Amino acid sequence: MSERQQPVDHYETLQISPNADPDTIQRVFRLLAQRFHPDNKETGNATRFRALHDAYSVLSVPEKRAQYDVHHQALRQERWRFVAASATADNEFEMEQQLRCTILEILYARRRAEPGNPAFSNYELSQLTGRPREHLEFTIWYLAQKKFVTRDDSSGLTITVDGVDFVEQNNGANAKRRLTASASSV
């Protein structure tokens, strides 16, 4: 991963659509701010709270939001241009298979390390894999259809028993090849 900092997606931080109305922005901010406030002993996270506050301070002011939306749209177009200009189809398939295995291994490690909090948000997975959230949608859809991952009550992604079995049976270099073979049997 490069040392250049990734641009911040305030909509992703607040887990809302760019089309969200001001009331939704405020309601979601209050909910997430309460959850991640540093004084909350169970789920407090000062870094996440600061990011939420920064996002809210931009998106709750119409002039700042309009200015940010211009930047946000340019960022989305840049991300999709990357997809359109990517390498050959064979390489794309290989990269996709590798990404699936990486996400399963991340979720497996999280389940083992933190059984009480085994989920990752799309934002966190995006940060961990270095891939924009838009590029993870197909991968997550595929893993969910295979029943290797599922969503928890707060939309966090968590590994299932089938996913754990797959990772344990296919650890290392053979995982990608077996995931492909598993896909063809569907």
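Are Tyr-11 and Tyr-68 buried or exposed? Both Tyr-11 and Tyr-68 are buried, and the legends below look at their surroundings and at several other spots in this predicted model.

**Figure 1. The whole chain, from the N terminus on, in a predicted model.** Before the close-ups, here is the overall layout. The protein has nine helices and two strands. Following the chain from the N terminus, the elements come in the order α-α-α-α-α-α-α-β-β-α-α. The protein has 186 residues, and 37% of them count as buried. Take the contacts between residues at least 6 apart in sequence: 57% of these join residues at least 24 apart.

**Figure 2. Tyr-11 and Tyr-68 form a tilted ring pair.** The model holds four aromatic pairs. In the pair shown here, the ring centres of Tyr-11 and Tyr-68 are 5.9 Å apart and the ring planes meet at 50°, so the pair counts as tilted. The two partners come from distant parts of the chain: Tyr-11 belongs to helix 1 (residues 10-14) and Tyr-68 to helix 4 (residues 62-84), with their positions 57 residues apart in sequence. Both tyrosines are buried.

**Figure 3. Phe-29 and its neighbours in helix 2 and beyond.** Phe-29 sits in helix 2 (residues 22-36). Its relative accessibility is 11%, which means Phe-29 counts as buried, the cut-off being under 20%. Leaving aside residues up to four places away in sequence, Phe-29 touches Leu-14, Leu-52, His-53 and Tyr-56. One of these partners, Leu-14, is 15 residues away in sequence, yet the C-alpha atoms of Phe-29 and Leu-14 are 6.5 Å apart.

**Figure 4. Two neighbours in helix 1, Thr-13 and Glu-12.** Let us take Thr-13 to begin with. Thr-13 is in helix 1 and is buried, with a relative accessible area of 4%. Not counting residues up to four places away in sequence, Thr-13 touches Val-8, Leu-32, Arg-48, Ala-51, Leu-52 and Ala-55. Glu-12 also has its place in helix 1. At 11% relative accessibility, Glu-12 counts as buried. With the same allowance for sequence neighbours, Glu-12 touches Asn-122, Tyr-123 and Arg-133. Glu-12 and Ser-121 are 109 residues apart in sequence, while their C-alpha atoms are 9.9 Å apart in space.

**Figure 5. Helix 6 packs against helix 7.** Helix 6 covers residues 122-129 and helix 7 residues 133-145; their axes are 10 Å apart and the packing angle is about 105°. That angle makes helix 6 roughly perpendicular to helix 7. Which residues of the two helices make the contact? Helix 6 brings Asn-122, Leu-125, Ser-126 and Thr-129, and helix 7 brings Arg-133, Leu-136 and Ile-140. Sorted by class, this contact of helix 6 with helix 7 has three nonpolar, three polar and one charged residues.

**Figure 6. The largest nonpolar core, with 19 residues.** Nonpolar side chains in soluble globular proteins tend to be buried together. Here, the residues with the most contacts inside the largest core are Ile-103, Leu-104, Leu-107, Leu-125, Leu-143 and Ile-159. The elements that give two or more residues to this core are helix 5 (89-113), helix 7, strand 2 (157-159) and helix 8 (161-169). Which element gives the most to this core? Helix 5 does, with six residues. For a closer look, pick out Leu-107: not counting residues up to four places away in sequence, Leu-107 touches Phe-120, Val-149, Leu-157, Thr-158 and Ile-159. Apart from the core shown here lies another core, of 16 residues, among them Tyr-11, Ala-20, Phe-29 and Tyr-68.

**Figure 7. Two loop residues with a positive phi, Gln-15 and Lys-147.** Most residues other than glycine have a negative phi. Gln-15, although not a glycine, has a positive phi of about 55°. Gln-15 lies in the loop between helix 1 and helix 2, and its relative accessibility of 39% means that it counts as partly exposed. Lys-147 has a positive phi as well, near 65°. Lys-147 lies in the loop between helix 7 and strand 1 (149-151), and at 54% relative accessibility Lys-147 counts as exposed.

Note on methods
Residues numbered from 1 in each chain as written. Predicted model: local features only at pLDDT ≥ 70, side-chain atom pairs only at ≥ 80, totals over all residues. Heavy atoms only, no water. Axes fitted to C-alpha atoms, helices over the stretch in contact; angles between N-to-C directions. Helix = DSSP H or I, 4+ residues; strand = E, 2+ residues; numbered from the N terminus. Parallel < 35°, antiparallel > 145°, perpendicular 65-115°, else oblique. Contact = heavy atoms within 4.5 Å. Nonpolar A, V, L, I, M, F, W, Y, C, P; charged D, E, K, R; others polar. Core = buried A, V, L, I, M, F, W, Y, C linked by side-chain atoms within 4.5 Å. Buried < 20%, exposed > 50% of the residue type's maximum accessible area, 1.4 Å probe, protein only. Phe/Tyr/Trp six-rings, centres within 6.5 Å; stacked < 30°, edge-to-face > 60°.
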